[in-house]
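Colleague: Could you pick one part of this model and take me through it slowly, in plain words?

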Amino acid sequence: MHPTIEGYAASMLHDVDATAVTRVADELASLDATTDTNAQLRAAMSDTSVSGRIRAAILGDVLANKVDGLTLTLATYAVRQSPAQDTNYALHDLAVFAQRFRRDGVAPAEPLGLTDARQRVAGFVDARLTTLAPTDMEQIEDDLFRWARTIESNVELRRLLMDRDVEVSARQQVTTSLLSGKVHAAALAIALYVIEGGRSRDVIGTLDAMVQHVALARQWRVAIVHAARPLNDAERAELAQSLSVMSGGNVDLQVKIDEELLAGVVVYIGDLCLDATARGRLQNLRDSLLHSRPVVFS
């Protein structure tokens, strides 16, 4: 299983009751079976010409109002994080993971290499950030950075937290005693999972990596929308919902009016630009005509 998806699923499933886990496990198993038998869906999910975020949005449209919200969140995250050629395997692995979680009620974090362990923690972080606003995420960045510097500067604390012979629960208890009530709740949860899902000798390195990860995720939670006209409430809600599937969490829309666009919107979110304007379509048509073979009339 891809470690990022493992960390994300472990966090999400841990926060719901047994009834919800059962429902999600059954729905993911059904989705896995559907991708095996539905050639059109399987092809769409493995299309290498389309980014993971767009493929996730497509799957979100297909599953909307047909499955539990958590099932939708887990499935679209798996698609978003997977290379196109591995997407259907990722959905299968996710279904198996959910079945195992339903059976055992836990998701033990098996030892991984340095890169994979950091990726697993990054997946956990993504899950914790799902419902948070950019301002919360900025606080979490600061909390994790200061916690890393505290460990770095305190020899005894560093030795304890990086000692793999000390039980994970004992190291987590120390972390809780030092951070509880002093940092954002999500920052505390991440600090605890760094100990559980990361490598013991890489606590500081993993924390610093997660600071950068949160900063990048924060960029994907603010969408700059250039619109030809003001958007009504329904249009804003529909756009926000679509962008949320792509970004993996709640999105703040910042709408700017640009009448030169003629119609539609241009959206900038993270490193992605989505052009759905009349001017954009006209420009694409113009470029197509300019690069096509000229027609000779005789």
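Modeller: Sure, and one word first: "buried" means under 20% relative accessible area, with exposed over 50% and partly exposed in between (1.4 Å probe, protein chains only). Keep in mind that this is a predicted model, where local features need pLDDT of at least 70, side-chain atom pairs count only at pLDDT 80 or more, and totals for chains, interfaces and linings use all residues. Residues are numbered from 1 along each chain as its sequence is written, and side-chain values use heavy atoms, leaving out hydrogens and water.

Let's get our bearings. The protein has 298 residues, and 44% of them count as buried. Its C-alpha trace spans about 85 × 45 × 40 Å along the principal axes. There are 14 helices and 4 strands (DSSP runs, H or I of at least four residues and E of at least two, numbered from the N terminus).

Now for the part I picked: the aromatic rings. You'll find 2 aromatic pairs here (ring centres within 6.5 Å; planes under 30 degrees apart are stacked, over 60 edge-to-face, the rest tilted). In one of them, Y8 stacks with Y77, at 3.7 Å centre to centre and with 5° between the planes. Y8 belongs to helix α1 (residues 3-14) and Y77 to helix α5, so this pair ties together parts that are 69 residues apart in sequence. Both of these tyrosines, Y8 and Y77, are buried.

The other pair is F124 with Y193, also stacked, with 4.2 Å between the centres and 5° between the planes. Here F124 sits in helix α7 (residues 114-129) and Y193 in helix α11 (residues 185-197), 69 residues apart, so to speak a link between distant parts of the chain. As for burial, F124 is buried and Y193 is too.

While you're looking at Y77, check out what else its helix does. Helix α5 (residues 69-81) has an axis that comes within 8 Å of the axis of helix α4 (residues 52-63), and the two cross at roughly 155°. That makes α4 roughly antiparallel to α5 (over 145 degrees; under 35 is roughly parallel, 65 to 115 roughly perpendicular, the rest oblique). On the α4 side, the residues that meet α5 include R55, A56, L59 and L63. From α5, L72, A75, T76, V79 and R80 take part.

One last bit of context on long-range links: of the contacts (heavy atoms within 4.5 Å) between residues at least 6 apart in sequence, 74% join residues at least 24 apart.

Key
Axes fitted to C-alpha atoms, helices over the stretch in contact; angles between N-to-C directions. Phe/Tyr/Trp six-rings, centres within 6.5 Å; stacked < 30°, edge-to-face > 60°.
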